[in-house]
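Here's a quick walk through a protein–DNA model, written with the cut-offs spelled out. Have the coordinates open while you read.

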There are 2 protein chains.
Amino acid sequence: MEQNQNIRIAVDAVVFGYKEKQIYILLIKQKFGPFQGKWALPGGFVKDGEGLQDAVLRELKEETGVRTNYLEQLYTFGDQVNRDPRGQVISVAHLGLVNPSKFTLEADTDAETAQWFLLDDIPELAYDHLDILNTGIRRLQSKLHYQPVGFDLLDKEFPFSDLEALYQSILQKKIDRRNFRKKILSFGILHETDKIHQTGSGRPGKLFTFNETKYKELVEQGIHFEIKFA
Amino acid sequence: MEQNQNIRIAVDAVVFGYKEKQIYILLIKQKFGPFQGKWALPGGFVKDGEGLQDAVLRELKEETGVRTNYLEQLYTFGDQVNRDPRGQVISVAHLGLVNPSKFTLEADTDAETAQWFLLDDIPELAYDHLDILNTGIRRLQSKLHYQPVGFDLLDKEFPFSDLEALYQSILQKKIDRRNFRKKILSFGILHETDKIHQTGSGRPGKLFTFNETKYKELVEQGIHFEIKFA
DNA sequence: ACAAAAGTGTTAGACCTACACCCATGG
DNA sequence: CCATGGGTGTAGGTCTAACACTTTTGT
């Protein structure tokens, strides 16, 4: 009953960031270990006395310099006993959302570099991190259907087209602009400021902010967002 | 980097069963440990070289005699470092669905007894198992909205009213019979046999079976089931 | 005046909700 | 014939899908 286990527990993070109208994912290049030089998700072993979420936040900060407000548990990988060549390791994967413009990437400890990658430009990954990443992508895609998404990814003030591009980038399909706008506005999570987005070309758009109270309320309550591609 | 951890990993199972038109949950009475004599979810430590899901299935069989086809990962409890008085233990909770009529409960190893409990008759539970149980209930309730449920809980042939009672029992509210039937039949997961349910009183109902192919297809694809209480 | 991006409304169809009476069987 | 539970249809309202032109700005 009190026999010792020879299993170790780690955490990993699938962190999404949105910039330049596209979704990126945060990866690090490993400095040590069996996959030295390979790209991987940020993560590492949990320390004694440390909670799971704390471990993720610590590793993220150490390996990439990023801090995230939004972090949820994704899935625990431990059915495959040999997923780590160093021995049996169970990894509790988390999903994070971040606005990349708030941070400069800085690799500290186990990581040589940290870098944002476009989803269709992912390098070969260490361990089973591709599985974890795919689980994260699927989760993010389904989140859109039952929770508002965007608060943690966009700037405080943003043009409506940013939100639209965000949804299209996550779902990887085109959305009808008129229907999308109607639907989102009907949730009442946006507040239209009187500022105007200064851009290079084309008609400038009004800037919006999230109504944080209403937004968080709908994150709790759940929404039903269903929209066909145009 | 290769420092040893003093954290152990366990699994627990929230197993639902349906009988006599109501949802039950499977609990065991602990034979040993800090909560000796208390009721708890079936579960225990993962063995070296064992996968998570295998560990759940093993513990379930050892402690209750139940085997389940349907088992999904629920959530990993490890943010609270002191959830187990024996030391830091992270528990990967799973959710199982079972037809209780297929098993007689038999407690083998760590359990004194195993027993089915009605949801509104849950005894005091060991550890943070009430949190885990509530997470399981919420998950099962939301599953109804995006996946068909019933295949693993009902008999092979069942009257339509069983399915209806199952949904009502899980959602804890009354459902309009006509609308429910219309909705479920429109999914095409049911096959009407020409057999008749032999019951005590009242008009006998036709027996149905699940169209397993279609059912599993919709489990993958997802459905959208939304129904107001009557 | 042209290029680029923002902004805007209506209609048809699908789906959801509300609602009450008759039917088949056993005792 | 009564009690019990099974079986059935329709109309109103709401939500979604489809669809294209005009407006504002910079160059």
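How far does a polar side-chain atom of Lys182(A) lie from a base oxygen of DNA strand C? The distance is 2.9 Å, which falls under polar contacts (a pair of N or O atoms within 3.5 Å; within protein, one must be able to donate a hydrogen and the other to accept it, and residues adjacent in sequence count only if both atoms are side-chain atoms).

## Ground rules

This is a predicted model, where local features need pLDDT of at least 70, side-chain atom pairs count only at pLDDT 80 or more, and totals for chains, interfaces and linings use all residues. Residues are numbered from 1 along each chain as its sequence is written, chains are lettered from A and ligands numbered from 1 in the order in which they are written, and side-chain values use heavy atoms, with hydrogens and water left out.

## Around the DNA

There are 23 residues around DNA strand C, and Ser161(A), Arg177(A), Lys182(A), Lys183(B) and Lys228(B) come nearest; to count as near, a residue needs a heavy atom within 4 Å of the strand. Of the strand's atoms that come within 4 Å of the protein, sugar and phosphate account for 45%. By class, this surface has three nonpolar, seven polar and 13 charged residues (Ala, Val, Leu, Ile, Met, Phe, Trp, Tyr, Cys and Pro are nonpolar; Asp, Glu, Lys and Arg are charged; the others, Gly among them, are polar).

The α4 helices (177–187) of chain A and chain B each supply at least two residues here. Helices (H or I, at least four residues) and strands (E, at least two) are DSSP runs, numbered from the N terminus. On the phosphate side, a side-chain N or O atom of Arg181(A) sits 3.1 Å from a phosphate oxygen of DNA strand C. Arg203(A) uses a backbone N or O atom instead, 3.4 Å from a sugar or linking oxygen of that strand.

## Where the chains meet

Chain A and chain B each bring 31 residues to their contact (heavy atoms within 4.5 Å). About 2800 Å² is buried between them, with carbon and sulfur atoms giving 47%; that's the accessible area (1.4 Å probe) lost on putting the two parts together, summed over both. Polar contacts link 20 residue pairs across the two chains, both residues at pLDDT 80 or more. On chain A's side, β1 (8–19), α1 (52–64), β5 (70–77) and β6 (89–98) give two or more residues each, and β5(A) has the largest share, with four.
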